[in-house]
Amino acid sequence: YSNTQSYEEMVFLTSGAGAEVASPGVLQNMVPKQGGNEMHGAINWVYSNRDWQGDDLTPELIAKGLTQGNSLYALGNLEGGVGGKFIQDRMWWYSAARRQYAYNQIPDTQYPDGSPGISEDTVKNLSLRLTGQLTSKHKITAYVDRVSKEIGHDMQAGYDPVTASRVWEPSKLYQQAQAKWTSTMSNSLLLEVGYAQYQAYRHTTYQPGIEPPYGTSEWYARAVHVDSSTGKTWVAAPGGNYYLMPTRKFFSGIGSYVTGSHNMRFGVQNNWGFLEQGTTLNGARRQTYQNLVPVSVQVYNT
């Protein structure tokens with residue numbers, strides 16, 4: 001979810017990537033904005049809604065029982081950035097912010113009043129980059145981009161939006177942070193040392209009132225019901241109460257030696273991290289039906 005306002009250029013390489021690229025395929029190089037001695041900024045806005053979209057619900061689909069198709073309900077993206085100086089010719093800053101939202105109408109989902117089920121997805125970004133020119137040969141940069149991602153009703157076709165959709169709570173720690181030192185040792189030698197850390201903590205839960213106290217009789221009665229014949233899902237969300245906490249760290253040290261006719265790069269890269277995750281489900285089970293006739297149950301050790 002990198003904010004495009006934080007970058008002045010994006011370069012895509014389809015071949016000829018350097019030795020520091022570990023895998024084949026397309027390489028994306030994002031050149032960041034770093035501010036300057038004069039303050040500059042930009043803003044961008046994108047908007048659409050359901051009135052701007054055609055209706056693809058055909059008579060053939062209606063005859064098969066589909067009364068509500070998948071369609072865009074609302075879409076928006078507001079982003080902006082501004083940068084300037086702390087110290088003339090020595091230290092600059094650049095900050096950017098963005099809010100995206102995408103509300104989608106999910107097929108074959110209705111509230112009790114007949115209104116369609118809507119999945120509300122929202123992503124917010126807030127970033128800051130600091131750049132310091134320590135001397136004519138040494139530069140250091142630091143960057144942090146904080147993200148908050150939220151989904152009000154995560155569901156698929158056939159889900160009961162009141163009970164079976166799940167909530168992606170606002171991200172408690174979803175960010176990337178970087179620091180980099182660049183040194184022009186001579187006209188031929190360039191050194192770069194960088195460190196980055198990425199975290200994407202996420203947590204899903206049930207809709208309010210759908211998760212009774214653990215181990216109670218109501219907790220067992222609230223197990224998710226899925227009909228494999230019709231796709232209907234009700235009583236509770238199949239994803240349950242789920243948390244995901246990945247952390248990944250990167251280190252890179254690169255030297256480039258360039259002459260008029262030769263170019264040599266050498267260095268080291270490493271990345272490491274960990275992943276913690278867990279799930280709890282109502283009743284610790286999933287009940288499966290065919291045309292509302294019970295056929296099987298999956299029991300989980302949560």
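**Exercise 1.** With which residue does R166 form a salt bridge, and how far apart are the closest N and O atoms? Place both partners in the fold and classify their burial.

*Solution.* The model is predicted: local features need pLDDT of at least 70, side-chain atom pairs count only at pLDDT 80 or more, and totals for chains, interfaces and linings use all residues. Residues are numbered from 1 along each chain as its sequence is written, and side-chain values use heavy atoms, with hydrogens and water left out.

Step 1. The partner of R166 is D154, with 3.4 Å between the closest N and O atoms. A salt bridge here is a side-chain nitrogen of Lys or Arg within 4 Å of a carboxyl oxygen of Asp or Glu.

Step 2. R166 belongs to strand β8 (residues 166–168) and D154 to strand β7 (residues 138–154), so the salt bridge ties together parts twelve residues apart in sequence. Helices (H or I, at least four residues) and strands (E, at least two) are DSSP runs, numbered from the N terminus.

Step 3. R166 has a relative accessible area of 18% and is buried, while D154, at 24%, is partly exposed. The classes are buried under 20% relative accessible area, exposed over 50%, and partly exposed in between (1.4 Å probe, protein chains only).

**Exercise 2.** How many salt bridges does a search of the whole structure find? Describe two others.

*Solution.* Step 1. The search finds four.

Step 2. One of them joins E192 and K180, whose closest N and O atoms are 2.9 Å apart. E192 is in strand β10 (residues 189–200) and K180 in strand β9 (residues 174–184), so this pair also links parts twelve residues apart in sequence. E192 is buried at 16% relative accessibility; K180 is partly exposed at 36%.

Step 3. Another is formed by the side chains of R98 and E79, at 4.0 Å from N to O. This pair links distant parts of the chain, R98 in strand β5 (residues 91–110) and E79 in strand β4 (residues 71–87), 19 residues apart. Both R98 and E79 are buried.

**Exercise 3.** Which residues line the largest cavity? Give its volume and the character of its lining.

*Solution.* Step 1. On a 1 Å grid over the protein atoms alone, a cavity is a set of points where a 1.4 Å probe fits but cannot get out, and lining residues have an atom within 4 Å of a point. Grid points are joined across faces, edges and corners, and a volume is the space filled by probe spheres set on the points.

Step 2. The whole structure has one cavity of 30 Å³ or more, and the largest cavity has a volume of about 30 Å³.

Step 3. Its lining consists of K149, W168, E169, S171, R202 and H203. By class, one is nonpolar, two are polar and three are charged (nonpolar: Ala, Val, Leu, Ile, Met, Phe, Trp, Tyr, Cys and Pro; charged: Asp, Glu, Lys and Arg; polar: the others, Gly among them).

**Exercise 4.** Where is F250 placed, and what does F250 contact beyond its neighbours within four places in sequence?

*Solution.* Step 1. F250 sits in strand β14 (residues 241–258) and, at 31% relative accessibility, is partly exposed.

Step 2. Leaving aside neighbours within four places in sequence, F250 is in contact (heavy atoms within 4.5 Å) with G194, Y195, A196, N270, N271 and W272.

Step 3. The C-alpha atoms of F250 and E218, 32 residues apart along the chain, are 46 Å from each other.

Technical notes
On a 1 Å grid over the protein atoms alone, a cavity is a set of points where a 1.4 Å probe fits but cannot get out, and a pocket is an open set with protein on both sides within 12 Å along at least five of seven lines; lining residues have an atom within 4 Å of a point.
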